[in-house]
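Hi there,

Here is the structure I promised to pass on to you. Have a look at it first, and my notes follow below.

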Amino acid sequence: MEKIKVSAPGKIILFGEHAVVYGESAVAVAINKRLKMSAAIGESNSVNGYPLSKRHHSYIYTGINTFQLENNIEFTLKTNIPSAAGMGSSAAISVCTTLLLDTLKKQNMGTTTESFKDILKMPTLHEKRREMEGEIANGAFDNEYLTQGGASPLDTSVVTHGSGVVLRKEPGQNHLWKAHREDKTWHIHHMEIPDLSLVLGNTGIRGRTSEQVAKVGRFVKKRNFGREIISEIGELVEEGIRAVESNDIVKIGELMDENHKLLSILGISHPKLEKTIGAVRRHSLGAKLTGAGGGGSFIAITDTPEKAIRALERFNINVFELKLSKNGVLIE
Ligand code: PMV
């Protein structure tokens, strides 16, 4: 049987991380860094030639256990998305694993890979593409949830769909699909790639998503006003969506600053994030941590990206101008 090759983008969260786990709105955009994965039937389950391990390949391990294929699978994986940096590397692995295993399963039942490949290239809101993306994204969400504990469908949705996605409690214009967990429902919507000049700084400090989500969970449980901060972030995101739609970059910047402040109160910033964000703010309209926090990355919106990047030189961190991408998951 042929080898199947797929790829998926990384992402940044523009507004609403953590609060989205509690069902609030959020906005995320795909970036032009990608993970490539392949799968072929082989002698034993392996990743890049190493035996599949629950510890080192946790998302693939979960996928193998969920799909229960008759054969063993040899995976290869190559990526330029840094891991544990808030850029969606685990979501990209979950999404690629889900698409590969789903395709192999359907191949076993006689469906050709070609048809899936074409569906993923259809226009953004085509019913067939939405249906297939919804299936992959929800499968990948289950995978993330099982592997890392509490999660929202934000990362797996944007990595599957590409462009931008908006998650909301209620369905609206450009609706793609929905996701459920316990008493929560998220409606996933398409958003055009915003025309923003963004700089990303990766502190290099690894922030584990599961730990940060659990930390916010403890805070919300212990303090009444924790829940209020979550709702406040939800309201801010709605303002953020309007600002993005009207391309009001000054407002977007203000709201990014405000979103960062609320995330810091939740306890997920880091001294290195505070220092670097402080330095980049002098050359930005606004800046915030992006993703789970506890280290990881920040984004800044700026008219002068060269100056913003120069202001971060002395911190010896990885900084670059962000390129957003309309490509989601693809079969190569
Ligand atoms: O894994 P990260 O760093 O991209 O963060 C994910 C965003 C959270 O809201 C913290 C968790 C989630 O699943 O939405």
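To start with a question: in which helix do Glu133 and Arg129 lie, and how many residues apart are they? Both are in helix 4, with their positions 4 residues apart in the numbering, or about one turn of the helix. Please keep in mind as you read on that this is a predicted model.

**Salt bridges**

The side chains of Glu133 and Arg129 meet in a salt bridge, at 2.7 Å from N to O. Buried or exposed, then, for Glu133? Glu133 has a relative accessibility of 1%, so it counts as buried. Arg129 is buried as well, because its relative accessibility is 9% and the cut-off for buried is under 20%.

This pair is one part of a longer story, since a search of the whole structure finds 15 salt bridges. Another one joins the side chains of Glu238 and Arg168, again with 2.7 Å from N to O. Here the partners come from separate elements: Glu238 belongs to helix 7 (residues 224-245) and Arg168 to strand 6 (residues 164-168), so the pair ties together parts that are 70 residues apart in sequence. Glu238 is partly exposed, with a relative accessible area of 21%, and Arg168 counts as partly exposed too, at 26%.

Helix 7 also supplies Glu239, whose partner Lys251 sits in helix 8 (residues 249-265). Their side chains form a salt bridge of 3.2 Å, N to O, and the two residues are 12 apart in sequence. Glu239 has 32% relative accessibility and counts as partly exposed; Lys251, at 26%, also counts as partly exposed.

You may also like to display Asp102, Lys106 and Glu135 together, as these residues are linked in a network of salt bridges.

**Aromatic pairs**

How many aromatic pairs does the structure hold? There are 3. One of them is made by Phe141 and Trp186, edge-to-face, with 5.8 Å centre to centre and 90° between the planes. Phe141 lies in helix 4 (residues 127-148) and Trp186 in strand 8 (residues 184-191), so this pair ties together parts that are 45 residues apart in sequence. Phe141 and Trp186 are both buried. Together with Tyr145, they form one aromatic cluster. Helix 4 therefore appears twice in these notes, once with the salt bridge partners Glu133 and Arg129 and once with Phe141.

Phe219 and Phe225 make another edge-to-face pair, at 5.7 Å centre to centre and with 75° between the planes. What about cover for these two rings? Phe219 counts as buried, at 15% relative accessibility, whereas Phe225 is partly exposed, with a relative accessible area of 38%.

**A charged patch**

Finally, the surface. Which residues form a positive surface patch? They are Lys3, Lys5, Lys36 and Lys78. Of these, Lys36 can be placed in strand 2 (residues 26-42). Lys36 is partly exposed, with a relative accessible area of 46%; that value fits its place in the patch, because patches are made of residues with over 30% relative accessible area and no salt bridge.

That is what I have for now. Happy browsing, and do write back with any questions!

Best wishes

Notes: Residues are numbered from 1 along each chain as its sequence is written. This is a predicted model: local features need pLDDT of at least 70, side-chain atom pairs count only at pLDDT 80 or more; totals for chains, interfaces and linings use all residues. Side-chain values use heavy atoms; hydrogens and water are left out. Patches are made of residues with over 30% relative accessible area and no salt bridge: like charges are joined within 9 Å, nonpolar side chains (Val, Leu, Ile, Met, Phe, Trp, Tyr) within 5 Å. Accessible areas come from the Shrake-Rupley method with a 1.4 Å probe; for residues, only the protein chains shown count as cover. A salt bridge is a side-chain nitrogen of Lys or Arg within 4 Å of a carboxyl oxygen of Asp or Glu. Lys and Arg count as positive and Asp and Glu as negative; His and the chain ends are not counted. The place of a charge is taken as NZ of Lys, CZ of Arg, CG of Asp or CD of Glu. Buried means under 20% relative accessible area, exposed over 50%, partly exposed in between (1.4 Å probe, protein chains only). Rings of Phe, Tyr and Trp (its six-membered ring) pair if their centres lie within 6.5 Å; planes under 30 degrees apart count as stacked, over 60 as edge-to-face and the rest as tilted.
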